[in-house]
Amino acid sequence: MSTGKVLLGILAGAAAGAIAGILLAPDKGENTRKKISKKSDDYVKDLKSKFDDFLETITDKFDTAKGKAYDLVEDGKSKAQEVKHNIRNTVN
């Protein structure tokens, strides 16, 4: 199972538990709604922060892989030119 799915599952479970705890607590409806709203905002901010970190990590990995691919292509071109040069020298 991927880390992202595990993290999302943990966050969803924590959010559901917090909301259930607030709903079952003996408090006035207005106070309960305020608590739910605050907790929801906190979870959204936390999830957004984690998602931004995830995107940054993925972007960095993509950029690294792209650079390696470019280097590999350039190395292949260089070797092809070298082989081509060696073949010409052998033929001549």
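## A tour that starts at E56

Select E56 to begin: this residue is partly exposed, with a relative accessible area of 49%. What you have open is a predicted model. Now widen the selection to the helix around your starting point: E56 sits in helix α2, which covers residues 29–91.

**Next stop: the charged neighbours.** Add D53, D60 and D63 to E56, and you have a patch of negative charge on the surface.

**Then the nonpolar neighbours.** Clear the selection and pick F51, F54, L55 and I58. Together they make a nonpolar surface patch with about 380 Å² of accessible area. Pause on I58, one of this group. Like your starting residue, I58 belongs to helix α2, and its relative accessible area of 41% makes I58 partly exposed.

**Now zoom out.** Show the protein chain as a cartoon and look for its secondary structure: there are two helices and zero strands. The radius of gyration is 28 Å, well over the 12 Å that the globule rule gives for 92 residues, so the chain is more spread out than a compact globule. Turn the view along the principal axes, and the C-alpha atoms fill a box of roughly 95 × 20 × 10 Å.

**Last, switch on the surface.** How many of the 92 residues count as buried? The share is 5%. The accessible surface of the chain comes to about 7,800 Å², and carbon and sulfur atoms hold 62% of that area. Colour by charge to finish: the chain carries 17 positive and 14 negative side chains, and the centres of these two sets are 4 Å apart.

Terms used:
Residues numbered from 1 in each chain as written. Predicted model: local features only at pLDDT ≥ 70, side-chain atom pairs only at ≥ 80, totals over all residues. Heavy atoms only, no water. Helix = DSSP H or I, 4+ residues; strand = E, 2+ residues; numbered from the N terminus. Rg over C-alpha atoms; globule rule 2.2 N^0.38 Å. Buried < 20%, exposed > 50% of the residue type's maximum accessible area, 1.4 Å probe, protein only. Areas by Shrake-Rupley, 256 points an atom, 1.4 Å probe, with all protein chains shown as cover. Lys, Arg positive; Asp, Glu negative; His and termini not counted. Charge placed at Lys NZ, Arg CZ, Asp CG, Glu CD. Patch = residues over 30% accessible without salt bridge, like charges linked within 9 Å, V, L, I, M, F, W, Y side chains within 5 Å. Salt bridge = Lys/Arg side-chain N within 4 Å of Asp/Glu carboxyl O.
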